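Student: I've got a model open on my screen and I'd like a close look at one part of it, the nonpolar core. Could you walk me through that and what sits around it?

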Amino acid sequence: MSTTDWLGYAAAALTTLSFVPQAWHTFQTRDVSGISLGMYSAFTLGVLLWLVYGVMLGAWPVIVANLITLALAACILTMKIVLGRRDP
């Protein structure tokens, strides 16, 4: 693997792993009151576009990181939509 690949995987791991604690907290508490629907919608769409970009380039660090982040973000967005309706 090249230095560029290692750099990509390191960046992908750090950015994806930094997202996990917030996702875990949201899954555990089911508290979505502090989550902006607009922001999470834009974020999830952006991650989807990064994933498509990575697929088009065949860039595995981009693909793997954004696939994991997309799954987590989509779950949180779904929770915000479903559970957010219950917020007063």
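Before we zoom in, how many helices and how many strands are there in the chain? And after that, which residues make up the largest nonpolar core?

Tutor: Happy to. Keep in mind that this is a predicted model. The chain has three helices and zero strands, so to speak an α-α-α run when you read from the N terminus on. The C-alpha trace spans about 50 × 25 × 15 Å along its principal axes. Of the 88 residues, 28% count as buried. Among contacts with a separation of 6 or more, 72% come from residues 24 or more positions apart.

Now the core itself. The largest nonpolar core has 11 residues: Phe19, Ala23, Val32, Ile35, Tyr40, Leu72, Ala73, Ile76, Leu77, Met79 and Leu83. Helix 1 and helix 3 each supply at least two of these residues, and helix 3 gives the most, with six. In soluble globular proteins, nonpolar side chains tend to be buried together.

Let's start with Leu72 and look across. Leaving aside neighbours within four places in sequence, Leu72 is in contact with Phe19, Val20, Ala23 and Phe27. Two of those partners, Phe19 and Ala23, are on the core list too.

Phe19 deserves a stop of its own. Phe19 is buried because its relative accessible area is 13%, below the 20% cut-off for that label. Tyr40 is buried as well, with a relative accessible area of 8%. A search of the whole structure finds four aromatic pairs. In the pair made by Phe19 and Tyr40, the ring centres are 6.5 Å apart and the planes are at 40°, so the pair counts as tilted. Phe19 lies in helix 1 and Tyr40 in helix 2, residues 37-57, so this pair ties together parts that are 21 residues apart in sequence. If you add Phe43, ring pairs link Phe19, Tyr40 and Phe43 into a cluster.

Next, have a look at Thr26, which is found in helix 1. Thr26 is not on the core list, but it counts as buried because its relative accessibility is 0%. Not counting residues up to four places away in sequence, Thr26 touches Asp31, Val32, Ile35, Ile76 and Met79. Val32, Ile35, Ile76 and Met79 are core residues, so to speak the core side of its surroundings.

From there, slide along to Arg30, in the loop between helix 1 and helix 2. Its backbone is worth a click: Arg30 has a positive phi of about 60° although it is not a glycine. With residues up to four places away left out, Arg30 touches His25, Met79 and Leu83. Met79 and Leu83 belong to the core. You can also check the spacing to Gly84: the C-alpha atoms of Arg30 and Gly84 are separated by 9.9 Å, with their positions 54 residues apart along the chain.

For contrast, turn the model and look at nonpolar residues on the outside. The accessible surface of the chain comes to about 5,900 Å², and 72% of that belongs to carbon and sulfur atoms. Met1, Trp6, Tyr9, Trp60, Val64 and Ile68 form a nonpolar patch on the surface, with about 670 Å² of accessible area together. Helix 1 (3-29) and helix 3 (60-84) each supply at least two residues of the patch, and helix 3 gives the most here as well, with three.

Two patch residues are good to compare. Met1 lies in the segment before helix 1 and counts as exposed because its relative accessibility is 64%. Tyr9 lies in helix 1 and counts as partly exposed because its relative accessibility is 32%. Leaving aside neighbours within four places in sequence, Tyr9 is in contact with Met1, Trp60 and Pro61. Tyr9 and Pro61 are 52 residues apart in sequence, yet their C-alpha atoms are 4.9 Å apart in space.

To put the core back in view: start at Leu72 and its contact with Phe19, follow the tilted ring pair from Phe19 to Tyr40, then go to Thr26 and its contacts with Ile76 and Met79, and finish at Arg30, which touches Met79 and Leu83.

Note on methods
Residues numbered from 1 in each chain as written. Predicted model: local features only at pLDDT ≥ 70, side-chain atom pairs only at ≥ 80, totals over all residues. Heavy atoms only, no water. Patch = residues over 30% accessible without salt bridge, like charges linked within 9 Å, V, L, I, M, F, W, Y side chains within 5 Å. Areas by Shrake-Rupley, 256 points an atom, 1.4 Å probe, with all protein chains shown as cover. Salt bridge = Lys/Arg side-chain N within 4 Å of Asp/Glu carboxyl O. Helix = DSSP H or I, 4+ residues; strand = E, 2+ residues; numbered from the N terminus. Buried < 20%, exposed > 50% of the residue type's maximum accessible area, 1.4 Å probe, protein only. Core = buried A, V, L, I, M, F, W, Y, C linked by side-chain atoms within 4.5 Å. Contact = heavy atoms within 4.5 Å. Phe/Tyr/Trp six-rings, centres within 6.5 Å; stacked < 30°, edge-to-face > 60°.
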